[in-house]
Amino acid sequence: MDQLKLKLQEYYQRYQQMDQRVKPGKEEPGFEEVLDMESDILSQFGLPTSRRFVQILHDFVHHAHVNDQLLDYVSKKLRTAARKYLLAPVISDIDLLEGAKEQKRSPYDVLPELGYPVQDYALFLIGELFYRRNMTASDVLDELKKMQHFDSWNDLALLSKMHNHTTHELYAKLKKQELRFVDDFIQYAHKQAASKLVNKRATPLEEGYTPNYKTITKVQVEDIIFDENTTPSLFGKIKSGRGYARITISLEFSELNQILMSSDELGVEISNHIKKRLAAPNVEKPMVIDIRAEFGDVLKLDNCYLEVYKPQHREGKKWVEDKDNFYFVDKILSKKEFEKRTKDAEVKRKIQECLELIGGSYVYYQRLRRLGITDEEAKLRAGLQDELLFKLSYFLNKVKE
């Protein structure tokens, strides 16, 4: 076995070991080592560690078993990617940056191709200053070159975690290096850190699992609870068979307001009540709104449909859905939007049924031909005398093979 295959096999084993040891909320043991191996393998092909190339390795390690055929396939895929990447026309760093902005490419992809580390300050320069604030590409590249020249990445990362950063010696050191956006970055980093503490939750995509979505409506909300550090939760019940089941729904403040404003007069009244309570000088923590006690009735969500999912957690290598009747809101649909979605799904289902029938007609046609029936008669019996319909049936049948 050649050196590349040995490296790929070792990478596969290390990744699997790391994946089995991962605990929710903790960094994976051996994570840095796996990253180094990814960089080493890609560098053999002259490829940067941008996401589009790393993804080839990630697809590889998610196979159940590794064998020579899989190793050959991955090697070939990497060689093909390298050939396409290395033979592409040479462009300047400025053109690469401007093209990335136009194509909305992730900074995680762009930085390795420019030759810079995927570090918070570098991500800030491209993702925030260049993409969002329209800083010029030349200014961003100048700053990246200075950071790389002085190797100041770790110094700035450390400084960004300090509250009184301007009094620290590292601040003076970085200023002497004529770095232009240090203060902007630290202010941005502090805001980002603060925002993560309020109203933020990791999405299933960020966590790494695919949720099982379900659509619910006619929820009877009895209580709403939240504070400044947690997103709102709705406590109530929903129809289940002949009775009702308890349910808890977590959502963002904007989603709560959307639901309340779509719930006729009572929803608007509750929304105004929440605003008054929040504006009071001494706000209780957490804020608990007993809807029946304060408004005389529960809040019935009849005018909207909630697309929700249960959170999942890792058990070994598998993601397992939580057993509690607790859901996160993914989307809120109006009655009109839900009915349109349902109608569209029904139309697509009917079209699929028709296509399956047409495709099945070709199988019947073949059977008739094998029985010695003439081509013309077989087409007539199978309902495929129309030439276009016959071609459609043929290709639909080929797709199934």
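1. First, a quick definition: a charge sits over a ring if NZ of Lys or CZ of Arg is within 6 Å of the ring centre and within 35 degrees of the ring normal. Keep in mind that you're looking at a predicted model. Lys379 fits the bill here: its charged end sits over the ring of Phe390, 4.3 Å from the centre. Lys237 does likewise with Tyr244, lying over the face of that ring at 5.4 Å from its centre.

2. Phe390 has company, too. Together with Tyr362, Tyr365, Tyr394 and Phe395, Phe390 makes up one aromatic cluster.

3. How many aromatic pairs does the structure hold? There are 18 of them. One is Tyr121 with Phe185, an edge-to-face pair with 5.2 Å from centre to centre and 70° between the planes. Tyr121 belongs to helix 7 (residues 120–132) and Phe185 to helix 11 (residues 182–197), so this pair ties together parts 64 residues apart in sequence.

4. Are those two rings' residues buried or exposed? Tyr121 counts as buried, because its relative accessibility is 0%. Phe185 is buried as well, with a relative accessible area of 5%.

5. Now have a look at Tyr209 and Trp319, which form a tilted pair: 5.1 Å centre to centre, with 40° between the planes. Tyr209 is in the loop between helix 12 (204–207) and strand 1 (214–216), while Trp319 is in strand 9 (residues 318–321), so the pair ties together parts 110 residues apart in sequence. Tyr209 is buried, at 7% relative accessible area, whereas Trp319 is partly exposed, at 26%.

Notes: Residues numbered from 1 in each chain as written. Predicted model: local features only at pLDDT ≥ 70, side-chain atom pairs only at ≥ 80, totals over all residues. Heavy atoms only, no water. Phe/Tyr/Trp six-rings, centres within 6.5 Å; stacked < 30°, edge-to-face > 60°. Helix = DSSP H or I, 4+ residues; strand = E, 2+ residues; numbered from the N terminus. Buried < 20%, exposed > 50% of the residue type's maximum accessible area, 1.4 Å probe, protein only.
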